[in-house]
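Hi,

Here is the model I promised to pass on. Have a look at it first, and then my notes below should make sense.

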Amino acid sequence: MTALDQTAQWKALQAHWEEISDVHMRDLFGGDPERFEQMSLQTCGILLDYSKNRITRDSVRKLLDLANGADVVGWIRRMFSGDRLNNTEGRAVLHVALRNRSNQPIWVDGQDIMPAVNRILEKMESFTNAVRGGGWTGFTGKTITDVVNIGIGGSNLGPLMVVDALKPYCAEGPRSHFVSNVDPNHIEDTLKRLDPETSLFIVSSKTFTTQETLANAHAARNWLLQALGQETAVARHFVAVSTNAEAVQKFGINLDNMFEIWDWVGGRFSLWSAIGLPIALAIGMDKFYELLDGAHEMDRHFAETDQLSENMPVILALLGVWYVNFVGARTHAVLPYDQHLRYLPAYLQQADMESNGKRVTRHGYPVDYATGPVVWGAAGTDGQHAFYQLIHQGTQLVPCDFIAPVSSHSSLGDQHRILLANFIAQSEALMTGRPAEEARAELEASGLPPTAALDLLPHKVFPGNRPSNSILLDRLTPRRLGALIALYEHKIFVQGIIWRVNSFDQWGVELGKQLADVVLGELTGTIEPGDHDGSTRELVKYCRNHFRG
């Protein structure tokens, strides 16, 4: 197979960037009155405006040639058909099955997996209704008022992000708490706010061996037993999302309250599964189904839109490849203009960087081109008063995704208009910038002496030509949030296909975990310090000598 960066499509894009690298977007808009109409898409209640990118219509055609050369359509069909796309672990990749609301059969190893998916959804619904309706009580008979999700990675970030995003729908549910960090302050600070008689804990760990999760789960278990005194209380205050029945039962959780998850569900794509139980408990199962409905709607758009120029996840993916591989950007900013989406950048960090942060292809050959970018961001307008300075006038090119709902759940409508004004103005400012002649005119109009104005002029110039996508939802509802998350999931998948990497394993996470187990034994004194480098050896020694429990 020809190396990716030696293909005709790749070389055409390299040459094309050299041709247009000095072109300013102001001129592109000036020369094309239909640019917005030609470079925007609408589906699933989402508008994507990608016209403020350093591309021409020819750029899009060449990027689509790259996608066709990678057989993106074929790979999409393979995923939905249950092929084992995760080749290093021999697993299918079927988070789309978890929200397959049409209930069409999806086959893995000759077996339709939809009955199993529906069985867990029904179990979640029954449990959710019991907790929210007061039918499930704690050990002393009191109604559950607080739910604590104990997990890490995808078992934490997905549910945390969604519950916070859908706060307007949480009023009738129990209060939600999330514990992920093994730092004891996280679990202790959470427990201080709770009543053991009315608290329910969800321990989310596929293997039920995750070190951080189990440490926090046992801390919560000890806290509960100190208050309630009897081992049998555990079964009324703990449930599990796992596949390890033996370990779950040993912990004291009734196996009737273990919610299954399958090996074809990757952690960072798992909020649609029983990992989403804290979401269902917070917003109710009906709204959880709406979340699945929205994701399924985007799945159908993605799978059925073979004309890739109209396929929203594909266009987003190709723009990302353009900036990473041809323009030279190394980071990507996600900037949600909604406080309820404040955890979306962190969620997408994991989804993107754990998926495509790879240095070898699916077949183990080293790549000599950039793969996944560094993903970062914060909610607007806070970010404007923090890091936007670098985006506007810094030396690094940072492509941005601006995300906002057109309508708000808040009754303070004027403030939402202010938010939208900032959302729109920031993308305009990044694109147009402020040329020297405009800055000079503004300074002269301000009454500054000519010499002072000339000294200040370089600081007031904005180069512009900074790219961004604008993504608008009609409103932040469960359905629209589901579609938005699925949009980014599929974008990441397409980029992995083009880069020829396996987006569904995460071996890079494992080495640090393995070494941590060794160092932990050395810190506790159960084993003597091993053969480390000088820095590691001295850090272990220092911590052993100065630790105060």
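**The mixed sheet**

Strand β12 (residues 400-407) and β13 run parallel and are joined by 7 bridges. Within that pair, cysteine 400 has serine 468 of β13 as its bridge partner. A word on terms: strands (E, at least two residues) and helices (H or I, at least four) are DSSP runs numbered from the N terminus, and two strands pair if DSSP finds at least two bridges between them.

Before I go on, the small print. This is a predicted model, in which local features need pLDDT of at least 70 and side-chain atom pairs count only at pLDDT 80 or more, while totals for chains, interfaces and linings use all residues. Residues are numbered from 1 along each chain as its sequence is written, and side-chain values use heavy atoms, with hydrogens and water left out.

Back to the sheet. β12 and β13 belong to an open sheet of 6 strands with mixed pairing, in the order β1-β2-β13-β12-β10-β11. Its edge strands, each pairing on one side only, are β1 (40-43) and β11 (374-376). On average, neighbouring strands here are turned by 15 degrees against each other, direction ignored; axes are lines fitted to C-alpha atoms, for helices over the stretch in contact, and angles between N-to-C directions run from 0 to 180 degrees.

The antiparallel part includes β1 and β2, joined by 4 bridges, with glutamine 42 opposite leucine 47 in β2. β2 is also antiparallel to β13 (residues 468-475), again through 4 bridges, and there aspartate 49 has serine 470 as its partner in β13.

**The parallel sheet**

There is also an open sheet of 5 strands, with parallel pairing and the order β6-β5-β7-β8-β9. The edges are β6 (175-179) and β9 (258-259), each pairing on one side only. Inside it, β7 (residues 199-204) and β8 (residues 238-241) pair in the parallel sense over 4 bridges, and isoleucine 202 stands opposite valine 239 in β8.

Two helices to look at here: α8 (residues 154-165) lies across β5 (146-150), β6 and β7, running at about 150 degrees to β6. Helix α9 (residues 184-191) packs on the sheet as well, touching β5, β6 and β7, and its direction makes about 160 degrees with that of β6. Contact, here and below, means heavy atoms within 4.5 Å.

**Three residues worth clicking on**

Asparagine 53 sits in the loop between β2 (46-49) and α4 (57-69). Is it buried or exposed? Asparagine 53 counts as buried because its relative accessibility is 2%; the cut-offs are under 20% relative accessible area for buried, over 50% for exposed and partly exposed in between (1.4 Å probe, protein chains only). A polar atom of its side chain lies 2.9 Å from the backbone oxygen of tyrosine 50. Leaving aside residues up to four places away in sequence, asparagine 53 touches Met25, Leu28, Arg35, Leu319, Tyr323, Pro467, Ser468 and Asn469. One of these, Ser468, is the bridge partner of cysteine 400.

Leucine 13, in helix α1 (residues 8-20), has 0% relative accessibility and so counts as buried. Beyond four places in sequence, leucine 13 touches Ser59, Lys62, Leu63, Leu66, Trp322 and Phe326. For lysine 62, the C-alpha to C-alpha distance from leucine 13 is 6.4 Å, with their positions 49 residues apart in sequence.

Glutamine 226 belongs to helix α10 (residues 211-228). At 71% relative accessibility, glutamine 226 counts as exposed. Its C-alpha is 9.5 Å from that of proline 196, and the two are 30 residues apart along the chain.

**The chain as a whole**

In total the chain has 23 helices and 13 strands. Its C-alpha trace spans about 80 × 60 × 60 Å along the principal axes. The radius of gyration is 26 Å, which agrees with the value near 24 Å for a compact globule of 549 residues; this radius is taken over C-alpha atoms, and the globule rule is 2.2 Å times the number of residues to the power 0.38.

Of the 549 residues, 53% count as buried. Among contacts with a separation of 6 or more, 74% come from residues 24 or more positions apart. The accessible surface is about 24,200 Å², with 50% of it belonging to carbon and sulfur atoms (Shrake-Rupley method, 1.4 Å probe; for residues, only the protein chains shown count as cover).

Cheers

Definitions and conventions:
A polar contact is a pair of N or O atoms within 3.5 Å; within protein, one must be able to donate a hydrogen and the other to accept it, and residues adjacent in sequence count only if both atoms are side-chain atoms.
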